[in-house]
Amino acid sequence: PVPTHLADKSRADMEVMRSVIRTGAGATQVYHCLGNHDCNLPREEVCQTLGNPKNAPYFSVKLPRGWRLLVLDTTEVNPRYETPGSDAQVA
């Protein structure tokens with residue numbers, strides 16, 4: 001498990017980031033993908049806080065001019081997200 005002080009710092013950092021993005025992005029839609037820096041918090045919490053579509057760690061979004069954005073979760077196999085002591089974490 002992640003020590004409480006690290007989780008608290010990650011939450012505070014995420015709020016600062018959200019504030020900066022809201023201020024600087026204006027009307028531009030911003031999408032987030034998970035990275036190793038997000039492993040200090042539960043995946044569901046990070047996705048919800050960042051406002052990912054359907055609070056999902058991976059998703060696709062239709063963009064103008066026929067483009068599609070695919071956001072992947074490359075941390076899905078990270079043992080830090082697994083239940084401590086579970087077979088998935090030990091593997």
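**Helices, a hairpin and the loops between them**

Helix H2 is followed by glycine 51, and this glycine has a positive phi, near 80 degrees. That is a handy place to enter the structure, which is a predicted model. H2 itself covers residues 43–50, and its buried members are Arg43, Val46, Cys47, Thr49 and Leu50. These residues sit on the same side of H2, because the arc they cover around the axis is only 165 degrees. The general geometry helps here: an α-helix has 3.6 residues a turn, so residues three or four places apart point the same way. On the face turned away from the buried side, H2 carries Glu44 and Gln48, both exposed. Part of the cover over the buried residues of H2 comes from helix H1, residues 4–25.

Zooming out, the chain holds 3 helices and 2 strands. Read from the N terminus, the order of elements is α-α-β-β-α. Of the 91 residues in the chain, 27% are buried. The chain exposes about 6,600 Å², and 56% of that area is supplied by carbon and sulfur atoms. As for how the chain folds back on itself, take the contacts between residues at least 6 apart in sequence: 50% of them join residues at least 24 apart.

The largest nonpolar core brings H1 and H2 back into view. Its 7 residues are Ala7, Met14, Leu34, Leu41, Val46, Cys47 and Leu50. H1 and H2 are the elements that give two or more residues to this core, and H2 gives the most, with 3 residues. Val46, Cys47 and Leu50, listed above on the buried side of H2, are all found in this core.

Now for the strands. S1 (residues 59–62) has two faces: Phe59 and Val61 lie on the covered one, while Ser60 and Lys62 lie on the uncovered one. S1 and S2 (residues 68–71) run antiparallel and are joined by 4 bridges. One pairing can be named directly: serine 60 has leucine 70 in S2 as its bridge partner. The hairpin made by S1 and S2 has 5 residues between the strands. Arginine 65 is in that loop between S1 and S2, and its phi is positive, about 60 degrees, although it is not a glycine. Arginine 65 counts as exposed because its relative accessibility is 79%, above the cut-off of 50%.

A second non-glycine residue with a positive phi turns up elsewhere. Asparagine 55, in the loop between H2 and S1, has a phi of about 55 degrees and is not a glycine either. With a relative accessibility of 38%, asparagine 55 counts as partly exposed. Asparagine 52 lies in the loop between H2 and S1 too, but it counts as buried, at 5% relative accessibility. Setting aside neighbours within four places in sequence, the contacts of asparagine 52 are His32, Cys47, Pro57 and Phe59. Two of these have appeared already: Cys47 as a buried residue of H2, and Phe59 on the covered face of S1.

Aspartate 73 is another polar residue worth a look, this time in the loop between S2 and helix H3 (87–90). Its relative accessibility of 9% makes aspartate 73 count as buried. The side chain of aspartate 73 makes a polar contact of 2.8 Å with the side chain of arginine 43, and Arg43 is among the buried residues of H2. Not counting residues up to four places away in sequence, aspartate 73 touches Leu34, Arg43, Pro57 and Tyr58. Leu34 in that list is a member of the largest nonpolar core, and Pro57 is also in contact with asparagine 52.

Finally, there is cysteine 39, placed in the loop between H1 and H2. Cysteine 39 has a relative accessible area of 3% and is buried. Between the C-alpha atoms of cysteine 39 and threonine 75 the separation is 7.9 Å, although these residues are 36 residues apart along the chain.

Key:
Residues are numbered from 1 along each chain as its sequence is written. This is a predicted model: local features need pLDDT of at least 70, side-chain atom pairs count only at pLDDT 80 or more; totals for chains, interfaces and linings use all residues. Side-chain values use heavy atoms; hydrogens and water are left out. Buried means under 20% relative accessible area, exposed over 50%, partly exposed in between (1.4 Å probe, protein chains only). Two strands pair if DSSP finds at least two bridges between them. The arc is that of the directions from the helix axis to the C-beta atoms. Contact means heavy atoms within 4.5 Å. Accessible areas come from the Shrake-Rupley method with a 1.4 Å probe; for residues, only the protein chains shown count as cover. A polar contact is a pair of N or O atoms within 3.5 Å; within protein, one must be able to donate a hydrogen and the other to accept it, and residues adjacent in sequence count only if both atoms are side-chain atoms. A nonpolar core is a set of buried Ala, Val, Leu, Ile, Met, Phe, Trp, Tyr and Cys residues joined through side-chain atoms within 4.5 Å.
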